[in-house]
Amino acid sequence: MASIVRKHAVQPVRANVREQLKAMDDSAVVTAFLGGEERAFSELVERYQTRLLNFVYRTIGDREKAEDLVQEVFIRVYRHLHRFDRSKKFSTWAYTIASNLAKNELRNRSRNPLVLFQTVQKNWEDDDRPVQFEDTTSRPDDMYRKRHLREIVEESVAKLPEHHRNVFILRELEGKSYEEIAEITDCNLGTVKSRLNRARNSFAEIVAPYME
Amino acid sequence: MDCKQFRENHFAFVDDILPGVELVGMQVHLAECERCARHDANVRRSLMLFRSLPSINPSPDFGKRLERRIRETKAADMAAAQNGRSRGLAATVAITSAAMLGYIGFSLKHVDTPRDIVFPPVVAFAPVPEPIPATMASPAPEMVAALPAGLPIWTAAILAEHSPVHFASLELASFKR
């Protein structure tokens, strides 16, 4: 009986802590984790898993590998959070780790043709997928057009040079400021602006014929 | 503003971060140059398309997999720490043993083996003969004269009184030595 009472008393406390963590900003959550609150890490995972996954996926173009890399990001965060400079933004740090891992992945791929082949094969399999995952309220030709356009957009992003693509995704998809992008990609502000300008122009040129 | 300047500033124009004067310059150029206007429209439309790409979500088992990997990492870290500790202990034991063996070896090397006892050579000196006081060697002439002459003791005593200091001090000196 006593244990049941205790259980009921503990659950609201847990829920309360989670709510408190949700209301905190990143810096406070990090402080809570470093103070021994393990649930704070789950809060960080929840906040960043989708964002990081999309960032890495758009950078490397392989969903499964992107998930693995995002997991690796969180493992590194978990292990090295005590070394994180808390005067800086947590999100910038997490994106820096993700960006470096994605860069390494692309480098490894270019060295290992087998991996490249497997990725291409995976994309073929994706092509064979039925159209039912699309918006079912649209007409079939609309759905095909949409899906076709999406593929073109994804392919166009993949065609951008790696350092342009990185900056492009961080700005357009993640909405990072130029300063944050400079910190994440470890280059100066001028380079970020120039890369972003070139990436936008190249992307527009590739996509333009399909939009008319 | 020419087309080159327009293209160079276009990223800031799209992001709407240009200062007032430059912004007006860009807008004027946009109205005048059809080519740049088309470029601007293309960039904006392509960006809209890219931003509207569907977001992908982590797979349902993402959290569980991450939890498992973190647990494994923790265990590996702990094992590594323990290994490090036991390695440190082993190293300490090895160093101590080596030091002890070294000390024992050093000690054994310098242990005295039983040998004949060699004493230092005995050096003997002949005692220096004590100088005999001149007065002892030759007693007072009065005593010498008195004794064989058979004089009574009173006379000898009176005679001794005449040379007491000399006689007594010599006696004392010889006694002290």
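User: When do two residues count as being in contact?

Analyst: Two residues are in contact if their C-beta atoms, placed from the backbone, lie within 7 Å. In this predicted model, 28 residues of chain A are in contact with 22 residues of chain B. Helices α3 (39-60), α4 (63-80), α7 (140-159) and α10 (189-211) of chain A each give two or more residues to the side of chain A that touches chain B. The largest share, 10 residues, comes from α10(A).

User: How are residues, chains and features labelled and filtered here?

Analyst: Residues are numbered from 1 along each chain as its sequence is written, and chains are lettered from A and ligands numbered from 1 in the order in which they are written. As the model is predicted, local features need pLDDT of at least 70 and side-chain atom pairs count only at pLDDT 80 or more, while totals for chains, interfaces and linings use all residues.

User: Which classes of residue make up the side of chain A that touches chain B?

Analyst: Ala, Val, Leu, Ile, Met, Phe, Trp, Tyr, Cys and Pro count as nonpolar; Asp, Glu, Lys and Arg as charged; the others, Gly among them, as polar. This side of chain A has 15 nonpolar, 6 polar and 7 charged residues.

User: How many helices and strands does chain A have?

Analyst: Helices (H or I, at least four residues) and strands (E, at least two) are DSSP runs, numbered from the N terminus. Chain A has 10 helices and 0 strands.

User: What describes two packed helices?

Analyst: The angle between their axes and the distance between the axes. Axes are lines fitted to C-alpha atoms, for helices over the stretch in contact, and angles run from 0 to 180 degrees between N-to-C directions. Take α5 (residues 90-111) and α9 (residues 178-185) of chain A: they pack at about 45°, with axes 8 Å apart. Angles under 35 degrees count as roughly parallel, over 145 as roughly antiparallel, 65 to 115 as roughly perpendicular and the rest as oblique. So α5(A) and α9(A) are oblique to each other. A:Thr92, A:Tyr95, A:Thr96 and A:Ser99 of α5(A) meet A:Glu180, A:Glu183, A:Ile184 and A:Thr185 of α9(A) in this contact.

User: Which elements of chain A have the lowest and the highest mean pLDDT?

Analyst: pLDDT is the predictor's confidence in each residue, from 0 to 100. The mean for chain A is 81. Helix α6 (residues 113-127) of chain A has the lowest mean (47), and α9(A) the highest (94). Over residues 123-136 of chain A the pLDDT is below 50. Where pLDDT is low, the predicted coordinates should not be read in detail.
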